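Thanks for coming. I will go through one structure today, starting with charged pairs and moving on to pockets and a few single residues.

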Amino acid sequence: MDISNSADMANLSIEEFVDKLASAAAVPGGGGAAALAGALGIALGNMVGELTTGKAKYADVEENIQSLMARADALRARLLALIGEDAAAFFPLSKAYSIPKDDPSRDEILERCLKDAAAAPFEILKACSESIDILTEFYEKGSRLMISDAATGAMLAHGAMCGAAVNIRVNTKLMKDRAYADNLNRQTDEILKSSLPAALSIYNDFMGDK
């Protein structure tokens, strides 16, 4: 199985994925793990939706919940695909590091690979940010019997965002194009600041409910 292919990567069993993660294999790594955590988080949102729709008590939010579920479905598929995209971007970077330092093309190739390697975790970050928005609505409008699942999903998305940010920063730190790196870091920080507090708010609200 070529695990650099997004379809193959998504088709690994849970045990295979975790075994690969725990091994000396280059991929999956932190970015792939973050994408999987994000996919698990938004899947819990869908679970809340599935167990809210069709209930007379929640008829007034039925249409809204169904809309959230459609968005969650798309995000889950996107995050699973990003596991493979992250892996595929890392392979060229790992090869670029082995280019002799006296090769005049090394810096240009390495710079391009660093930018490509930062792109997938940035997409993971954005997808998880949207997931937190959706999970917030599931938490507020979904079945009261399922809010612990929405809260768990939000915290998985929170962790996934932090993991994605780490994998962005490990690449931007090495970029020679500092304007590009600084801009990507700034965008990353802005997304973190806009979404992480919302996830923590869900957690604190649930944990404070005695």
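How far apart are the closest N and O atoms in the salt bridge between K126 and E123? In this model, which is a predicted one, the answer is 3.0 Å. Both K126 and E123 belong to helix α5, three residues apart, or about one turn of the helix. K126 is partly exposed because its relative accessibility of 34% falls between the 20% and 50% cut-offs. E123, with 28% relative accessibility, is likewise counted as partly exposed. As background, side chains of opposite charge can pair when their charged atoms come close.

That pair does not stand by itself. E123 and K126 are linked with R78 and E85 in a network of salt bridges. The salt bridge count for the model is nine, and I will show two others.

One of them is K141 with E137, where the closest N and O atoms are 2.7 Å apart. Helix α5 holds this pair too, with K141 and E137 four residues apart, about one turn of the helix. On accessibility, K141 has 28% and counts as partly exposed, and E137 is partly exposed at 22%.

The other is in helix α7, residues 178-207. There the side chains of D182 and R178 form a salt bridge, with 3.6 Å from N to O. D182 and R178 are separated by about one helical turn because they are four residues apart in that helix. D182 is partly exposed with a relative accessible area of 39%, and R178 is partly exposed with 34%.

Now the pockets. How much space lies in the largest pocket? About 210 Å³. Its lining has 15 residues, and those closest to the pocket centre are D86, F90, N167, V170 and N171. Three helices each supply at least two lining residues: α3, spanning 30-50, α4, spanning 62-96, and α6, spanning 147-172. Of the contributors, α4 gives the most, with four residues. By residue class, the lining of the largest pocket has nine nonpolar residues, five polar and one charged.

The second largest pocket holds about 160 Å³ of space. Its lining consists of M9, A10, L12, S13, I14, F17, L36, L40, L80 and I83. Helices α1 (6-10), α2 (14-22), α3 and α4 each give two or more residues to that lining. Here the classes split into nine nonpolar, one polar and no charged. For anyone setting the two side by side, the largest pocket has one charged residue in its lining, while the second largest has none.

Next, three single residues, beginning with I132. Is I132 buried or exposed? I132 is buried, since its relative accessible area of 0% is under the 20% cut-off. The residue lies in helix α5, which runs over residues 106-141. Leaving out residues up to four places away in sequence, I132 touches A154, A157, H158, M161, S195, A198 and A199. For a distance across the chain, the C-alpha atoms of I132 and A74 are separated by 14 Å, with their positions 58 residues apart along the chain.

T188 is in helix α7. With a relative accessible area of 2%, T188 is buried. What does the side chain of T188 reach at 2.8 Å? The side chain of T188 reaches the backbone oxygen of L184 at that distance. Beyond four places in sequence, T188 touches F122, L125, A165 and I168.

The last residue is Y58, located in the loop between α3 and α4. Although it is in a loop, Y58 counts as buried, with a relative accessible area of 12%. Not counting neighbours within four places in sequence, Y58 is in contact with T52, K141, G142, S143 and R144. That list includes K141, which we met earlier in the salt bridge with E137. Between the C-alpha atoms of Y58 and D103 the separation is 65 Å, and these two residues are 45 apart along the chain.

To close, back to the start: K126 and E123 form a salt bridge at 3.0 Å, and both are part of the network with R78 and E85. That is everything I have for today.

Notes: Residues are numbered from 1 along each chain as its sequence is written. This is a predicted model: local features need pLDDT of at least 70, side-chain atom pairs count only at pLDDT 80 or more; totals for chains, interfaces and linings use all residues. Side-chain values use heavy atoms; hydrogens and water are left out. On a 1 Å grid over the protein atoms alone, a cavity is a set of points where a 1.4 Å probe fits but cannot get out, and a pocket is an open set with protein on both sides within 12 Å along at least five of seven lines; lining residues have an atom within 4 Å of a point. Grid points are joined across faces, edges and corners, and a volume is the space filled by probe spheres set on the points. Ala, Val, Leu, Ile, Met, Phe, Trp, Tyr, Cys and Pro count as nonpolar, Asp, Glu, Lys and Arg as charged, and the others, Gly among them, as polar. Buried means under 20% relative accessible area, exposed over 50%, partly exposed in between (1.4 Å probe, protein chains only). Contact means heavy atoms within 4.5 Å. A salt bridge is a side-chain nitrogen of Lys or Arg within 4 Å of a carboxyl oxygen of Asp or Glu. A polar contact is a pair of N or O atoms within 3.5 Å; within protein, one must be able to donate a hydrogen and the other to accept it, and residues adjacent in sequence count only if both atoms are side-chain atoms.
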